[in-house]
There are 2 protein chains.
Amino acid sequence: LMVVATHATPLNKEDLSVAEVLRDRALESSDAYSLVESLTVEVGPRRAGTKGDERAVAWAQQKMKALGFDRVYTEQIDVKRWARGHAHAEVIAPFPQPLVVSSLGYGASTPEGGLTAEIVPFADVEALMAAPASAVKGKIAFINKRMERARTGEGYGPAVQGRSKGMRAAAEKGAAAMLLRSVGTDSDRFAHTGMMSVDGVANPVPALALSAPDANLLEAMLQRGKPVELKLDVHNAPLPDGPSFNVIGEVVGREKPEEVVLIGAHLDSWDEGTGALDDGAGVAIVMETARLISELPQRPRRTLRVVLFGAEEIGLVGAKQYVDAHQDALDKIIMVSESDFGAGKIWRFDTRIPESKFVIADQMMQLLAPLGIERGNNKTYGGPDSSVFVARGVPAMGLYQDGTDYFDYHHTPNDTLDKVDPDNLKQNVAAWVVMSFLAAEMEGDFGRVSIEN
Amino acid sequence: LMVVATHATPLNKEDLSVAEVLRDRALESSDAYSLVESLTVEVGPRRAGTKGDERAVAWAQQKMKALGFDRVYTEQIDVKRWARGHAHAEVIAPFPQPLVVSSLGYGASTPEGGLTAEIVPFADVEALMAAPASAVKGKIAFINKRMERARTGEGYGPAVQGRSKGMRAAAEKGAAAMLLRSVGTDSDRFAHTGMMSVDGVANPVPALALSAPDANLLEAMLQRGKPVELKLDVHNAPLPDGPSFNVIGEVVGREKPEEVVLIGAHLDSWDEGTGALDDGAGVAIVMETARLISELPQRPRRTLRVVLFGAEEIGLVGAKQYVDAHQDALDKIIMVSESDFGAGKIWRFDTRIPESKFVIADQMMQLLAPLGIERGNNKTYGGPDSSVFVARGVPAMGLYQDGTDYFDYHHTPNDTLDKVDPDNLKQNVAAWVVMSFLAAEMEGDFGRVSIEN
Ligand SMILES: [Zn+2]
Ligand SMILES: [Zn+2]
Ligand SMILES: [Zn+2]
Ligand SMILES: [Zn+2]
């Protein structure tokens, strides 16, 4: 016979019907909302290396134990630390007004008493990089690029370049500071903080995000043709490196406990909001997913491992150290996925698996489609922390949330619980239990992938 | 004949057709937006008695002159002054977290170094007033009343009681401070500042508005049953009284220049936003209304007087002093109206005129109805400053804006230009020119009104 199985072993009917029961149970009675409520109320801001981070690590362990996970443990990671101080900015001339700003992560301070300088606008960071140093030296480089709103969040990639590279480019040209139109889609008076590239910058300068209305204000002043002069007064402080933790909970497999389906989210947040959307919702979704699966009459064949990564926000630190620490066991991780795009409904199911295994994804789709989910592409990284695993060949799946308004709140003080819709979380958990249970239960696996395919 | 005219002299056809031309010109080419843009960009925050207020007064005079008003002048008023310092609040126990707060206007400071106390929640200020002093003494009284959203803004009246009276009630019972769920309809992390009653309070205590998400947070902590302890660190300072100004521009009447149609808005704003909605939009609408009317081939019969009131926010100070200074001339003001409810479309036309004059309002309605405006009631005060005139018998008209989202931004840092829709302003000016021109041009007048009728 020519038709020997190069295709994957399909999921069997019994497994599919268990997954369907799980899905419907999740829609009816899953309660991820209580978890994100608990995390935001009882912990709140939890930037890596802070007291809030410590409390979050304790919260996660206590909660996983209470939810009935078979094993709960932490793995220490090392993080760079930093203390945020004040950040004041005001227009001195031609039209004195205060501005709403926030220091970007690990940003420098102004000299004591502040600094006063003229702003020079740039359409984007590429324009700043192309400018002669003489145009910027001693001035405040103002990167004024707008971000496009999209369900996929695809406007983020182009817009975030200014945040990542702007300070470095400004510092190298001798600028006094770097000022960035916030990477966000809202028109509210919140600055969006976030990480930037600081390593190896010889003379770092203060780097501030500016709310969209404030960026509009500077734009309008510049249009009037007179020099626009600001006073900045910023204080931050680097701190010695310190510990943080990945927090891990497992539902141990009944047949192949050493094989792992790894579902993750990140436990850390930025420090100005309570991290409800980024990434409290993700934490809640994957915890509740594992809890529902742990309530089945029997454990799935493989281990379901929930990893709440530390220090994602400051450079995927927890994920990178996890992969380094466990490089010999990565081939036992049969699939990785992460929830880190807020609390919107899931609308697309992406994968990164060998084409020969598409039949499995197709079977999963039979249970996902009734949730309003369509089949996407085979190019997912499964999420930011997940991408570190994919780079080492681990297959991934991605349940893509509707991110239309995610960047309205992302990394602002306004990322709070009221932005989370409990019903959307139920739909999320419904999709996650289908994907997670079937991957943990199925015969066979997905093999390995390459990021070139 | 029995049917002698006790009814009003109706508007004549020619006047109505001029008003129609004005209306359509306003819809096409009025540009109130440029005025509010200019005020917010070139002046910005302008709380009464501050440097920003001074700049606003200069701006208004310069702008009225440039717009071609026949007379532009100021009238000095005396205002209480106050300097806003920092306001920090954080939960100390059981779940340490920072909170977003703002001092209410003319609020007191904490002792140097701050104060720490437990919070005691109250459903509303009435509950606080009814509580025994022993329940509040030494604690932070937390008034946690929600405001209802409505096109009319009618949720404001009940909700604002806590802001007006809360500090006094708390201070009289020996509370350490008063904390208020913001009087607003948004769920954004902005506190809504505003005025409160401070006169005669023997021992004023710090009074802070809390953003809605932060009020939710405290509520959730209280639900867990443990004492919730806050640290407050607030610094403000009273300043000696000083001058501010009503800024007045006139289009002088061709036949009865001493008779006046008074249209107003307030020039001052709170200090955390740029006062685009409150009340930059109103300032722009009434200025642009007068400009359009001044471009007619001839002046209207009566004087159209635009009054930009000072210090509205701190107790209708400009309007009260105006009325006192001009009490002998109030009978020459045939009608008063004010624009002070944001930048939404006008949807209702209210009056306060004798019933015998309703025919005039009906004729105005013929030109207003095509703008989507319906006839309202005869109980308007015409706006906050306007109400001071109505109390003295001056007839009023009110063009009611859609205020559905007005209290999302009201008195917050988020009251900025991006919330103003230029097309809505055109519709506003179209309605205002109809009402203002016809009142200034018509034969006869509205007589006097009483606030009991
Ligand atoms: Zn995230
Ligand atoms: Zn993030
Ligand atoms: Zn107002
Ligand atoms: Zn106001």
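Begin by selecting the zinc ion (ligand 1) and the zinc ion (ligand 2) in this predicted model, where the two ions lie 3.3 Å apart and A:D278 coordinates both of them. With A:D278 still selected, add A:E313, and the pair will be seen to link distant parts of the chain, since A:D278 belongs to helix α7 (residues 276-294) of chain A while A:E313 sits in the loop between β10 (302-309) and α8 (317-325) of chain A, 35 residues apart.

Next, centre the view on the zinc ion (ligand 2) and show its protein donors, which are A:D278 (OD), A:E313 (OE), A:E313 (OE) and A:H411 (NE2), at 2.0 to 2.4 Å. A:E313 is listed with two OE entries, and in sequence the donor residues follow the spacing D-x34-E-x97-H. Why is the arrangement around the zinc ion (ligand 2) irregular? The four donor atoms subtend angles of 58 to 143 degrees, whereas a tetrahedral assignment would need all angles to lie between 85 and 135 degrees.

Now colour the selected residues by accessibility, and ask whether A:D278 is buried or exposed. A:D278 has a relative accessible area of 3% and is therefore buried; A:E313, at 9% relative accessibility, counts as buried too, because the cut-off for that class is under 20%.

Move on to chain B and select the zinc ion (ligand 4), whose protein donors are B:D278 (OD), B:E313 (OE), B:E313 (OE) and B:H411 (NE2), lying 2.0 to 2.4 Å from the ion. Along the chain these donors are spaced D-x34-E-x97-H, and the four donor atoms subtend angles of 58 to 143 degrees, which makes the arrangement irregular. Adding the zinc ion (ligand 3) to the selection brings in the bridging residue of this chain, B:D278, with 3.3 Å between the zinc ion (ligand 4) and the zinc ion (ligand 3). B:D278 lies in helix α7 (residues 276-294) of chain B, and B:E313 in the loop between β10 (302-309) and α8 (317-325) of chain B, so that the pair, 35 residues apart, links distant parts of the chain. Both B:D278 and B:E313 are buried.

Finally, zoom out until both chains are in view, and superpose chain A on chain B: a turn of 180 degrees with a shift of 0.0 Å along the axis lays one on the other with an RMSD of 0.0 Å. That is the relation of a two-fold axis. To finish, select the interface residues of chain A, 100% of which are also interface residues in chain B, so the copies meet through the same surface.

How values were computed:
Residues are numbered from 1 along each chain as its sequence is written. Chains are lettered from A and ligands numbered from 1 in the order in which they are written. This is a predicted model: local features need pLDDT of at least 70, side-chain atom pairs count only at pLDDT 80 or more; totals for chains, interfaces and linings use all residues. Side-chain values use heavy atoms; hydrogens and water are left out. Donors are N, O and S atoms within 2.8 Å of the metal (3.2 Å for Na, K and Ca); water is not among the atoms, so sites may look incomplete. Four donors count as tetrahedral if all angles lie between 85 and 135 degrees; four count as square planar and six as octahedral if opposite donors are over 155 degrees apart and all others between 65 and 115; anything else is irregular. Helices (H or I, at least four residues) and strands (E, at least two) are DSSP runs, numbered from the N terminus. Buried means under 20% relative accessible area, exposed over 50%, partly exposed in between (1.4 Å probe, protein chains only). Copies are superposed by least squares on the C-alpha atoms of residues with pLDDT of at least 70 in both. Contact means heavy atoms within 4.5 Å.
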